[in-house]
Amino acid sequence: MNTPTTNRKLMDWVNETAAMCKPDQVYWCDGSKEEYDRLMAEMVSTGAAIKLNEEKRPNSFAFNSDPSDVARVEGRTYIATLKEEDAGPTNNWIDPFELKKTMRALYDGCMQGRTMYVIPFSMGPIGSDIAKNAVEITDSPYVVVNMHIMTRVSTEVLRLIEKNDDFIPCLHSVGKPLAEGEQDSRWPCAPLEDKYIAHFPEERLIWSYGSGYGGNALLGKKCLALRIASSIARQEGWMAEHMLILRFTSPEGKRYHIAAAFPSACGKTNLAMLQSTVPGWKVETIGDDIAWMKPGADGRLYAINPEYGFFGVAPGTSDASNPMAMASLKANSIYTNVVVTEDRDVWWEDMGVECSGGTDWKNNPWKPGMTDENGNPIKGAHPNSRFTAPASQCPVICDDWENPAGVPIDIFVFGGKRTATVPLVHEAFDFNHGVFMGATAASEPTAAALDLHDVKLRFDPFAMTPFIGYHAGDYMQHWFEMGEQLGDKAPRCFYVNWFRKTDDGKWLWPGFGENSRVLKWMCDRVAGKVGANETPIGLMPKKDEFCLDGLDITAQTWDELMKVNIEGYQETVADAEKYLAKFGERLPARMIEQLQALKNRLNS
Ligand code: GTP
Ligand code: SPV
Ligand code: MN
């Protein structure tokens with residue numbers, strides 16, 4: 001093999017991995033367009049990829065996964081710390097020695113009949129202080145092309161590793177060795193019981209086996225930029241969060257930077273690119289899924305987006321709901337588990353265009369209106385089908401979105417999907433109360449994780465439950481400590497819920513672009529331009545200070561949207577208390593104080 005590095009550590013790791021996984025060949029990726037085109041052409045020739053209509057979707061490709069491999073698998077995701085208590089009650093734990101033994105047996109010969117790709121990549125602008133260099137080894141060419149879009153893949157990263165000897169090793173295999181002459185499947189993967197998405201935070205190491213989908217396989221994203229990074233961030237005094245980052249600019253040109261944490265498939269991509277309906281105000285995007293944030297020299301908190309592309313939920317994305325996402329994915333994109341239409345374009349549910357038929361995500365002939373044997377509609381696209389699109393193609397991406405210095409965050413927003421109880425918006429009394437709000441955020445499950453279907457509501461602190469690489473109690477404590485350090489420069493905290501429904505199942509709030517009205521109220525609060533009603537749960541808008549012009553919202557709907565449901569909150573508090581009890585001694589004292597204070601306010 002020709003090895004484009006002389007770094008001992010990297011060479012040893014690649015050689016050891018090759019000896020264990022026994023691929024037919026080893027290939028070092030350079031991130032070039034030529035490499036991308038060649039791998040795509042190979043996948044088209046084997047039938048793994050479908051080249052889309054060049055006129056409708058230039059340079060774009062569709063893939064269908066195995067029906068068993070369609071989302072993250074939280075039940076098979078592990079934080080393997082030396083001590084079990086360091087993984088905490090929200091993570092699956094296995095002793096790292098035992099897990100490595102199990103996984104080594106699986107990795108042994110797992111790349112037979114395949115190429116082992118070595119992908120040098122950077123999370124964050126290459127060479128910047130906040131970026132992290134990493135190398136993913138994978139036997140999936142689908143992963144390579146997705147990594148090209150989602151991260152900065154470059155031989156420049158190898159040059160940096162030569163200099164500083166510092167990189168995060170990420171090992172991935174689809175877990176399907178090929179016997180001599182065996183025909184490969186379109187989407188090779190291993191059965192659920194052999195899938196492992198494993199993290200060794202003390203070693204800063206990632207081992208993933210058996211899945212080719214999304215966050216299970218594109219290891220820069222959830223595994224590195226959230227689970228491993230959150231653990232590093234706590235040690236080093238910064239934050240790695242499941243947050244979008246946007247810039248909201250007033251008609252006078254004043255810029256506000258907002259970072260918002262919503263659970264998977266709860267509206268981050270939508271909010272990150274929203275088309276403001278408030279006259280003169282505009283949104284520009286910095287990131288749609290992950291924020292890395294560090295205190296700057298001026299004492300404020302600065303955020304960067306460590307990613308390079310969007311891996312966004314396809315269904316529901318339309319010119320009406322998210323035109324900027326639609327523009328981002330017009331060309332040079334990858335679509336996974338959507339409908340490929342008869343004219344080789346893509347389609348998904350609620351795309352807002354007619355479809356006469358094509359091939360569904362399971363590779364079956366499909367027409368709209370088709371039903372299964374029980375009369376239920378057959379979806380053409382999987383609910384967690386996704387597009388992979390370069391962030392640079394977003395028409396409202398900030399000019400300076402790659403500035404390694406980041407943007408100063410003014411506002412934190414927390415939220416989730418709650419069809420009842422939680423009002424449209426409320427503000428925290430202070431930062432500690434904001435941490436409590438984020439730490440007790442709860443959401444109804446979505447299709448983004450495979451194994452949560454029986455859950456009605458889950459507490460999802462900071463939308464990070466599946467992504468905290470250590471004990472969630474220590475994580476909450478880290479949030480309080482960051483607030484202490486930032487002092488009066490800490491971002492103001494708000495909680496939102498776009499998802500309230502009426503008794504007959506209709507959305508109470510129009511959402512999407514109209515959410516700009518809520519953002520505007522937040523900015524007015526920060527600027528001291530509007531007051532607020534003090535309620536037991538927090539500070540809420542005065543109706544005449546909240547812009548509803550041009551919206552068909554009755555006084556009754558407004559009251560419903562802004563109602564503080566005391567009994568509902570008392571119930572949630574009781575549930576939160578039960579949930580937090582699991583954290584034992586590592587539950588921060590400030591969480592207990594906040595819980596007690598909320599109880600008192602609700603009871604008085
Ligand atoms: P991940 O990429 O999984 O982390 O998710 P995300 O938070 O980026 O999710 P995304 O923005 O793709 O959210 C998708 C879902 O939220 C779709 O079902 C949207 O229709 C829905 N959604 C987003 N914004 C709104 C809103 O304002 N109102 C309503 N009712 N639904 C919304
Ligand atoms: C999520 O599930 O929050 C995602 C998609 O952003 S994945 O990258 O698959 O985790
Ligand atoms: Mn996400």
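This passage describes a metal site, two ligand sites and several individual residues in a predicted model.

The manganese ion (ligand 3) is held by three residues of the protein, namely Lys-222 through its NZ atom, His-242 through NE2 and Asp-289 through OD, at 2.1 to 2.2 Å. Along the chain, these donors follow the spacing K-x19-H-x46-D. Lys-222 belongs to helix H7 (residues 220–236), whereas Asp-289 sits in the loop between strand S14 (282–287) and strand S15 (291–295), so the pair ties together parts that are 67 residues apart in sequence. Both Lys-222 and Asp-289 are buried. Around the manganese ion (ligand 3) there are six donor atoms, and because the angles they subtend run from 75 to 171°, the arrangement is octahedral. Such an assignment requires that opposite donors be over 155 degrees apart and that all others lie between 65 and 115.

The three residues that coordinate the manganese ion (ligand 3), Lys-222, His-242 and Asp-289, also appear in the list of residues around ligand 2, which further includes Arg-72, Gly-214, Gly-215, Lys-221, Ser-264, Phe-311, Arg-386, Ala-448 and Phe-467. Divided by class, this shell consists of three nonpolar, four polar and five charged residues. Several polar approaches to ligand 2 can be described at the level of atoms. A polar side-chain atom of Ser-264 lies 2.4 Å from an oxygen atom of ligand 2, while an N or O atom in the side chain of Arg-72 is 2.9 Å from an oxygen atom of this ligand. For Asp-289, the corresponding distance between a side-chain N or O atom and an oxygen atom of ligand 2 is 3.3 Å. On its own, ligand 2 has 280 Å² of accessible area, of which the protein covers 98%. The elements that contribute two or more residues to the shell around ligand 2 are helix H6 (214–217) and helix H7, the latter being the helix in which the metal-binding residue Lys-222 lies.

The surroundings of ligand 1 comprise 18 residues, among which Ala-265, Lys-268, Thr-269, Arg-386 and Phe-512 come nearest. By class, eight residues of this shell are nonpolar, seven are polar and three are charged. Helix H8 (residues 268–272) gives the most to the shell, with three residues. Both backbone and side-chain atoms approach the oxygen atoms of ligand 1: a backbone N or O atom of Gly-267 lies 3.0 Å from one oxygen atom, and a polar side-chain atom of Arg-386 lies 2.8 Å from an oxygen atom of the ligand. Asp-289 takes part here as well, with an N or O atom of its side chain 3.0 Å from an oxygen atom of ligand 1. Taken alone, ligand 1 exposes 670 Å², and the protein buries 90% of that area. Arg-386 is listed among the residues around ligand 2 and is also one of those that come nearest to ligand 1.

Away from these descriptions of the ligands, two serine residues can be considered together. Ser-122 lies in strand S5 (residues 115–123), and with a relative accessible area of 0% it is buried. The side chain of Ser-122 reaches the backbone oxygen of Gly-124 at 2.8 Å. Ser-385 is found in the loop between strand S22 (365–366) and strand S23 (386–390), and this serine, too, is buried, with a relative accessible area of 0%. Its side chain reaches the backbone oxygen of His-382 at 2.7 Å.

Glu-136, located in strand S6 (residues 132–138), is likewise buried, because its relative accessible area of 0% falls under the limit of 20% that defines this class. Although Glu-136 and Leu-219 are separated by 83 residues in sequence, their C-alpha atoms are 7.1 Å apart in space.

Finally, two residues other than glycine have positive phi values. Asp-165 has a phi of about 65° and is placed in the loop between helix H5 (155–164) and strand S8 (168–173), where, at 38% relative accessibility, Asp-165 counts as partly exposed. For Arg-344, phi is near 55°, and this residue occupies the loop between strand S19 (339–341) and strand S20 (346–347). Arg-344 is also partly exposed, with a relative accessible area of 40%.

Key: Residues numbered from 1 in each chain as written. Chains lettered and ligands numbered in written order. Predicted model: local features only at pLDDT ≥ 70, side-chain atom pairs only at ≥ 80, totals over all residues. Heavy atoms only, no water. Donors = N, O, S within 2.8 Å, 3.2 Å for Na, K, Ca; no water. Tetrahedral: all angles 85-135°; square planar, octahedral: opposite > 155°, others 65-115°. Helix = DSSP H or I, 4+ residues; strand = E, 2+ residues; numbered from the N terminus. Buried < 20%, exposed > 50% of the residue type's maximum accessible area, 1.4 Å probe, protein only. Near = heavy atom within 4 Å. Polar contact = N/O pair within 3.5 Å; in protein donor to acceptor, adjacent residues only side chain to side chain. Areas by Shrake-Rupley, 256 points an atom, 1.4 Å probe, with all protein chains shown as cover. Nonpolar A, V, L, I, M, F, W, Y, C, P; charged D, E, K, R; others polar.
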